Amino acid sequence: MYSTAFIDLPALDAAAGEVRLPGSKSISNRVLLLAALSNGTTTVHQLLASDDTRVMLDALRQIGCAVDEAGSSVHITGLGGRAPRAPAKLFLGNAGTAMRPLTAALALLGGEFELSGVARMHQRPIGDLVDALRQLGCRIDYLGNDGYPPLRIAHAACAPAPDVPALVPGVPPLALAEPIRVRGDVSSQFLTALLMALPLAAGRQSIVIEVLGELISKPYIAITLELLARFGIVVERQGWQRFTIAAGSRYQSPGSIHVEADASSASYFIALGAIASGAGGPNGAQGIRIAGLGLDSIQGDIRFVEAARAMGAVVTGGPHWLHVQRGAPGQGWPLKAIDIDCNHIPDAAMTLAVMALYAQGSSRLRNIASWRVKETDRIAAMAAGLRQLGASVEEGADFIRITPPPRTEDWKAASIDTHDDHRVAMCFALAAFNPAGLPIRIQDPKCVAKTFPDYFEALFSVAQLAAERIPVICIDGPTASGKGTLAAALARQLGYRFLDSGALYRITALVALRSGLRIDAGHEERIAALARTLPVRFESDRVLLGSDDLTEAIRSEEVGMNASRVSALPAVRAALVALQHSFRRLPGLVADGRDMGTVIFPAAALKVYLTASLACRAERRYKQLISKGFSANIADLCADLQERDARDGTRSVAPLKPAQDALLLDNSCQTMDQTVALVLAWWQEKQFGAVSAPGRQPGAVTAPG
Ligand SMILES: O=C(O)C1=C[C@@H](OP(=O)(O)O)[C@@H](O)[C@H](O)C1
Ligand SMILES: C=C(OP(=O)(O)O)C(=O)O
């Protein structure tokens, strides 16, 4: 997962290959709750691992269910008629599928509970559900604003299960004789919550639920009914207005259950297939293949496929797969504008709003009032982001109309505010396929953790961009200038890959010495052969060669001196070129070394030549060595540095010198934080222009000589 403050997506060209999507959020959280209410153990396969399921699992543990996580399977041992452990304070993040159903289930199970979430959850309505539960006789109090979480459930009005006779003394029995009325026009989750919880009270009598107002998001009720059936609960449905839970209902675990891939998450990849040219993927495959989800899915968002087809996508599918390709020019590409009632696909419809950027004409998405009360006001958030990209947008209480930028030059590079809404982040990433070749910044990318923590990794695994267009920032400079620290900090803050090219020379030197090869011209070819096959990885702060962690071993002064010798051997340098190029992958690379900007990535978008006075560098190196437990002395270090500068600067191949177009940065008088901030500002300016870039620090830069 990208936990950076933002992620910059370079303009992307094409996409092809297969993605395996995480499990459905809606199915996962329903199955977890139903398993918790059942007898015995249910094994849930391919459970979604994300923020929304994490809060549900934690809550179930707190109320006394045994939860055993084993890889992608989870074993839940349900309460099966036992009272839940209480009192308990449950934190449910921003998961509507946890907050609403748990409120109903706990209100009926009995005990004292406090249910809260993130600030936005406390602005998401729950009043209609609480009203319905109060009608039944449940006692629920609002702890903040009326109609919204946080709330307190005081006690149950009925026995926890049909065969447990004890009623809470002094508490009236549930009022089950009359139909239970619940509004259905704000969120379908209120009805889902009642449908999943009321079988607890349907031991001796059937229970009728009546929906007031037009029910929205109906396909989610269909998921609820389907999963209730798998847990042995039969509900008779009359239209979308009246639901009868049969008397004698009892949750029966199916033993094990598989969770389909998430159809809402699939919408981003269906859209990707529809808008990206599908240049050959692995083995020449065309288009995007989505594994784990088929056209027969029980999730309503599978009907996003119909909307994508109407816009021009070519979608085929089987029981557990989908395949999407861009339509032929003039037929499916550019996309066709669409005017569609999206009430049945409220989540996936956000993806249509971004697809509309690639359509000819204006698209209108209607009947989406619920967008206003989800993770953020989604109509406002989508309108703002689309406008930033250059689209014209009209918005109303329950619709959005999008007209794409009229000409390629009307697109704008934008920094999208995601408002802690996973879907805003995920769908705006698709704007990276803009015809203007502009980068897109997605702020706070970790918000995707709500339902799809590795979304960006999945996107990069199929997105394609010619290697020479993948952004590279080169940080070159002499030993102990701080370039390694700077480059690593930049890579961390940008979420870019990191190449410590010096480490490649150090590793080569170490491996050569360990193989008994002296480092001199006589052994050049043999050392080069070794260098060609190094399985090097940089992970977090570690330098790995295969499974060997060489982080510490390569930092000794002795290895450093030998690395300098090895790097003077032309055949070794040539052998390491392809390896260095292989680090250039999405979303970008920060390369640290001595010839990154001059030789390895001569067309890099930003080159920084970092230096500092000899005294500064000697002192930094001294502190670095001492802190790692090596002995050192400043005078010797000064002499070593001078010797190494001379050798690096005068070697015949790729001598250390600034590239013609490098920005020179002397950081003798700067802290590392200042240096990092300055280079980040330069990078922002390169990508998004000077207007939004933080100010330069005067005097820190000199033009390359
Ligand atoms: O029941 C569910 O799993 C869901 C129902 C929908 O909410 P609304 O019914 O509030 O539209 C949907 O937006 C949400 O992501 C999941
Ligand atoms: C509306 C959403 O979530 P929730 O389940 O919290 O309602 C969503 O995932 O788009």
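## Around ligand 1

In this predicted model, two helices, α3 (96-109) and α5 (189-197), each bring at least two residues to the shell around ligand 1. The shell holds 13 residues, and those that come nearest to the ligand are Ser26, Ser187, Ser188, Ser217 and Tyr220. Sorted by class, the shell has nine polar residues, three nonpolar and one charged.

Where does ligand 1 lie with respect to domain 1 and domain 2? Both domain 1 (6-21 + 261-464) and domain 2 (25-258) give residues to the shell, so the ligand lies between them.

## The annotated position Asp347

If you are looking for the "active site" feature, the unreviewed UniProt entry places it at Asp347. You will find Asp347 in the loop that connects β20 (339-341) with α9 (349-355).

Is Asp347 buried or exposed? Asp347 has 27 other C-beta atoms within 10 Å, and a residue counts as buried at 20 or more, so Asp347 is buried. Setting aside neighbours within four places in sequence, Asp347 is in contact with Ser264, Asp301 and Arg423.

## A three-stranded sheet

Further along the chain, three strands make an open, antiparallel sheet in the order β30-β31-β32. The edges are β30 (536-539) and β32 (548-549); each has a single partner strand, so one side of each is left without a neighbour in the sheet.

Strand β31 (residues 542-545) runs antiparallel to β32, and two bridges join them. To pick out this pairing in the structure, look at Leu544, which stands opposite Asp549 in β32. In general, strands of a sheet pair through backbone hydrogen bonds.

Key:
Residues are numbered from 1 along each chain as its sequence is written. Chains are lettered from A and ligands numbered from 1 in the order in which they are written. This is a predicted model: local features need pLDDT of at least 70, side-chain atom pairs count only at pLDDT 80 or more; totals for chains, interfaces and linings use all residues. A residue is near a molecule or strand if its C-beta atom, placed from the backbone, lies within 6 Å of it. Helices (H or I, at least four residues) and strands (E, at least two) are DSSP runs, numbered from the N terminus. Ala, Val, Leu, Ile, Met, Phe, Trp, Tyr, Cys and Pro count as nonpolar, Asp, Glu, Lys and Arg as charged, and the others, Gly among them, as polar. Domain bounds come from an automatic or database domain assignment. UniProt positions are given in the numbering used here, feature names are shortened, and annotations may be inferred rather than shown by experiment. A residue is buried if 20 or more other C-beta atoms lie within 10 Å of its own, exposed if 12 or fewer, and partly exposed in between; C-beta atoms are placed from the backbone. Two residues are in contact if their C-beta atoms, placed from the backbone, lie within 7 Å. Two strands pair if DSSP finds at least two bridges between them.
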